[in-house]
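Visitor: I am new to this one. Please take me slowly through a single part, and then show me how the rest sits around that part.

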Amino acid sequence: MEKRVKKGRLFLQMFLSYLGMLAIPVAAAAVIYGYSSQVIREQIERMNDNLLEMIQRDIDQQVSDVQKLAARLAMDTGVQMLSKVKGSFGTEDRMSLYYLYNDLQALVMSEDFVSDAFVYFNNTQAVCGINGNMSAELFYDLYYRNKEYSLEQFREYMGSPHYNDVLKIEREDGDDILLFTMTTLNSYVGESSATVGIGIRFSELERRLESMKWDDAMEAMIVDGDNGRICSGEAGETEGVDFKELEEGNHMVSGRRGRRYMISALASRVVNWRYVALLPMALIEKSAEKIQMITGICLFGCGILGFGVSYYLTEKNYNPLKSLVDTFKKHGDSQIGEHDNVYLWLNHQMDEFFKKHVDANRLIDANRKSLKNYYLFQLLQNYYGGDSQELEKYGIHLSSEYNLVILFEPAEKEDQKELVLQRFIIMNVFEEMCQDHFNVEMAEMGERVAAIVNLPQPSSEYVDILKEKIENLQSMAGTPFKFSCAAFMGAICRGLEGIHASYLQACELEQYTVLLETDLIVYDDVKNLQLQYDYPLETEQKIINAIEAGDSRQAGQLVMQVFDHNLSGKVSADSCRYLVYDMVGTLVRGAGRGGYTGAARELDFPDGFSMKRLPVPELKQRFAALLDQICGRVLEIKKETDQDKSLSRKIEAYIQENFQDPDLNISITSQHFGITPAYLSSIYKKQTGRSLLDYINTMRISRAQELLEQGCSVVEAAPMSGFRDSGSFIRAFKKKTGVTPGQFKKKF
Amino acid sequence: MKKRSLSLLLTAAMTATALAGCGGGGGTAQEASTAQANNNGGAAGGTTAAAGSQAPAQAEGTAEFSYPMAAGDKLTYWCELTTTVAANYASLGDTPFSKGWQEETGAQIEFLHPPTGQLKEQFSLILADGNLPDLMEYNWMTDYPGGPEKAIKDGVILPLNDIFEQYCPNITAYLAENPDIDKMIKTDEGHYYVFPFIRGEKKLCNTIGLMLRGDWLEELNLEVPTTIDEWHTVLTAFKEKKGAAAPYCFEYTNGQYLTNDPFAFAFETSRSFYLGSDGKAHFGAAEENYKDFLTTMAQWYQEGLIDPDLATLGNDQVSAKITNGTAGASKGQAGSRMGTWTTAARSSNPAFKLKAAPPPTLEKGAKAEFGQIENQYSGRASVAITTSCKDVERAARLMDWAYSDEGHLYFNFGTEGESYNMVDGYPTYTDLIMKNPDGLPVSQAMSAYIRGNYNGPFIQDIRYLEQYYTLDEQKETGAVWGDSNGAAHVMPPVTPTSDESREFSTIMNEINTYRDEMTLKFIFGTESLDKFDEYVKNIENMGLSRALEIQNAALDRYNAR
């Protein structure tokens, strides 16, 4: 809700400021409108004047033509002569009348403005017109019958003198006529003898007025001297207009029914008429309205357009801001306070954001590093078959053909923090030192640091340079940082796949730290060490015998001799390890001979030797301790089993003598020695480690083998080697040797 | 077979009529021609029916064609708007007649009319302008300077021979069956030039005659006058006993009443050319008989038997004077004059009656040798196709339709069911015409729906007239006025060559002007009849003999057509 209110207020502010701006075009439009109305009005007035001038020129021309015509007829000698005839025309006048009739017809024919022409002869009460000669009465009845003037009045009017007078006749057939009259000039005052009448059809006048109007709504009319309307285009609307006040020029007159007209008038130059043009104000207003409407529409359009544009611009400029705010609102925890300035808030949010962003960048950087480290790790740990370009993607630059791996092993093992620092120092310092010469990629390999040095040539010169660098590093580590680190440098190997090889070599070198007691071990230096250790069988037998005898001193001496002989830097580390295993084997065998069969199990050799490299002196001590332990035990066992042993020997001797007897078995043997078979078996087993039956069988099979080898047949060999029958012989033989006696014999 | 039998039937009918006509006496050749004409008129329905039935056959022969035509360009049609139409319509195009006409034919027509009374002036203007309407209805025979052949040579109108042949089966068929009319409507060179207005029957040609107040005659116990003397008696009685200021009063300013003056005919003369018994053309106004006629007229005028304002009399005055009793005798047509006046006068004077008087003679009981009769083809209201016409076929088809059976009925009677109904095969006008619900006079009602009551490019049917005349007096007129040998003395529609024509009109303009002025002077008495010889000499000096020569040459050519 609040948000909406706030937004509403915002829009209201915008709208108000927008309205303020709009006031400028509104004012401009008002001025333009006012001015154009004025112009239109003036234009219309001018057009009215022009119209009136046109009407004046045209109608005046026609009227003056009519007047001339009337004057000509009035002065015509024929007419004047006929006008003097009194009473009625005689036959002698008929031709003159006929000629006059022809003349009038010709006149009317040539003047299309004129519809009628006649001469009224007062003395004869006759008329000569274009329709023929006839009595005034007939003439009146046929052509001029109207309500306003009766025949008498018509006669009176025509009988009185006229000069360019105009009479309007509303004929019964509706075809009104404007009659111009002129009396012949020879008439005496009050005794006019003939009057010329020229008729103009109203319809013709009206047609002319109509045709000159420039708008259907306007009216054009003719007003006579008595301010009576003579003729207008359309009657009716203007009846309330007072024409008396009409002056030339324009002014407004209120018309009937509240309709207002702009009236213009112009006086005729030939008659006492005035031509009047009435233009309804509505027409001007209509034009003005049109402008008003267009102006209004334009303004409205401008308003809408302007609003649209400003709205668009606002949206365009404000909305991103808003979306920014929204974004921060969405992703951030903080909400914008009601009165907070959006910009300040945003600024704050931005600061935070960039801080986060920097952190994130660091994180990403670290990630990238560890990722790179991972790939380097993989590169080192495993055989890699790809190409260097693929590695480039991970930021690993190993473009040259040859590689060499150096392993650094900081001495520190306890303090992890210290270790991290040391690794960091090693990585950075070494990388920096080598950068000038080679491409170096540093990777952490557990506690160690591996450096892959990319070399263009498998040259020993590089190795020397590297050695120098490593020494520098070691001395640097020693002096300012106070820690030591071992360095193992593998051989230069070709290609990326060589990295793994080189790494393995370097790893291998670690063992030599013990052996060589130096901080820098180079594979090339150690690879040529002896693979054979010198440990003669003779010596071993001596050691075994010494152990069997329980003589730890002599055994110790012998062992030390062997170690001293071999572990003096001439034998490779692997060989040394084998030697140790060999020695352990010797000790175990010696212990077994001495009757201490559990030695291998009880003495925990793997713990002692296999896993860990031990420095030579410690190794020696261990062995010495072991020997003491073993010998001590052997002596103990000797004392326990000395008597019993003679029994087993006796048993074996007895068996050797009697095994060819098929009846010999454990019971017979026990009867021979006077002890129970079970005890006999147990004691034999205990003393010799094998069963008595097995011994008997072994003896028999061995004899049989001998016989078979000597060429005896199976059937012959069986009884001679103590088997009751050949079937049990074959069974036992196969069981012991895995093959049948026949098969065995065939081998030979 | 059918066609053949029909023509056989027609031939038989013609022979029968010709035989019947022989009983009447008079020149056999003339009788024959009259009989044939009568046959044509009398059987107008029949002949046009024949033409109509023939038309499709002919159309089949030339091209597939049927009315109404497909829509096309508007045709412009110029013609005079007759007064009975003008009374109610601003243009012929507004009438139901023309709407139906356009609908039936499929042609769109834009009608153009000259202002009333300015036919010839407007015609000259249009020719001078050169922008001609497609179709122009005019009297091309007499009113085109130089005649119709000249009009063709001037490139104003088209010769229609090929057009008739190609597009006009109906009129072609009609002309084939009416060789005397065919002779009238072409030039000496054999060119057709108009779609003619043809009176379908001779009876239709007796249009103008004398009439006088029947009720006064009865009142004064007088007979209808038949001789000049009887007329004198009657007119004197009218003047003296009925107080008529102008006992005899007629529309002197209307040329046709002057040319067709029964009183002149009584003296066997005419103010213009007539065909003498010798078969030659004569100019009546320059002959001795004309002097006799003038003598009588001058005497009557002097005696006040003729309207003193005679020279300038128009229809307005004559109508007023006849109806208000100022005049007792006049002349004119049975319809537009006798009928109109009677109707107008009876509103105030129910006893008013006008009676037709026969052509007067000098001797009591003699048959009038001269009499008013028009040629079946007078040249009037005939339509030419101008050279401006772009779609000649359309124009020709439009015009030809009027000469078909269907068109004939339409032009004379309008639309069946609307303006007429067929009652026993007789087209009878409906009350829409005869008792118009809007109160229009019959002539005006007719003019809205047909052209049969006045003129136009079609064949007029006598049956229109039989119904148009409602008064008994009117119905008599045909018989009364036609009782003369007038047809023998009417100049056939001859056509001088264009050169002759120009020369002829130059001569005749002068002669006619002089004659008209002198005639008035003689009648008014302003000029003594002693000067008649001098007058004749003047006329001859003006080149009358040359004019007669031209007329006779044209007559010879006409007879040779």
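Let us start with chain A. How many helices and how many strands are there in chain A?

Guide: Chain A has 25 helices and 17 strands. Both are DSSP runs, numbered from the N terminus: helices are H or I with at least four residues, strands are E with at least two.

Some ground rules come next. This is a predicted model, in which local features need pLDDT of at least 70 and side-chain atom pairs count only at pLDDT 80 or more, while totals for chains, interfaces and linings use all residues. Residues are numbered from 1 along each chain as its sequence is written, and chains are lettered from A and ligands numbered from 1 in the order in which they are written.

How sure is the predictor of chain A? The average pLDDT (the predictor's confidence in each residue, from 0 to 100) is 77 for chain A. At least 70 is reached by 85% of its residues. Among the elements of chain A, strand β2 (residues 126-129) has the highest mean, 89. Helix α18 (residues 605-610) of chain A has the lowest, 54. Where pLDDT is low, the predicted coordinates should not be read in detail.

Now look inside chain A. Of its 748 residues, 30% are buried. A residue is buried with 20 or more other C-beta atoms within 10 Å of its own, exposed with 12 or fewer, and partly exposed in between; the C-beta atoms are placed from the backbone. Contacts in chain A often span a long stretch of sequence: among those between residues at least 6 apart, 61% join residues at least 24 apart. Two residues are in contact if their C-beta atoms, placed from the backbone, lie within 7 Å.

Next comes the largest nonpolar core, with 140 residues. Such a core is a set of buried Ala, Val, Leu, Ile, Met, Phe, Trp, Tyr and Cys residues joined through C-beta atoms within 7 Å. Ala70(A), Val119(A), Val127(A), Ile198(A) and Tyr275(A) have the most contacts inside this core. Helix α1 (residues 2-75) of chain A gives the most to the core, 11 residues. Take Ile198(A). Setting aside neighbours within four places in sequence, Ile198(A) touches Val66(A), Leu69(A), Ala70(A), Val114(A), Ala117(A) and Phe180(A). In soluble globular proteins, nonpolar side chains tend to be buried together.

Stay with chain A for two more spots. Gln125(A) sits in the loop between β1 (114-121) and β2 of chain A. Its phi is positive, about 50°, although Gln125(A) is not a glycine. Gln125(A) is partly exposed because 16 other C-beta atoms lie within 10 Å. Ala501(A) belongs to helix α12 (residues 497-516) of chain A. With 17 C-beta neighbours inside 10 Å, Ala501(A) is partly exposed too. Its C-alpha atom is 8.3 Å from that of Ala491(A), 10 residues apart along the chain.

On to chain B, the partner of chain A. The contact takes 13 residues from chain A and 14 from chain B. On the side of chain B that touches chain A, α17 (315-323) and α25 (498-524) of chain B each supply at least two residues. That side has six nonpolar, five polar and three charged residues. Here Ala, Val, Leu, Ile, Met, Phe, Trp, Tyr, Cys and Pro count as nonpolar, Asp, Glu, Lys and Arg as charged, and the others, Gly among them, as polar.

Chain B has 27 helices and 13 strands. Of its 561 residues, 50% are buried.

One hairpin in chain B deserves a stop. Strands β11 (residues 420-423) and β12 of chain B run antiparallel, joined by four bridges. Two strands pair if DSSP finds at least two bridges between them. Met422(B) stands opposite Pro427(B) in β12(B). Two residues lie between the strands of this hairpin. In the turn, Asp424(B) has a positive phi of about 50°. Asp424(B) is exposed because only 5 other C-beta atoms lie within 10 Å. Along β12 (residues 426-429) of chain B the side chains alternate. Pro427(B) and Tyr429(B) point to one face and are buried, while Tyr426(B) and Thr428(B) point to the other and are not.

Last, a bond in chain B. Tyr67(B) and Pro68(B) are joined by a cis peptide bond, with omega about -5°. Pro68(B) lies in the loop between α3 (44-62) and β1 (75-78) of chain B. Most residues other than glycine have a negative phi, and most peptide bonds are trans.
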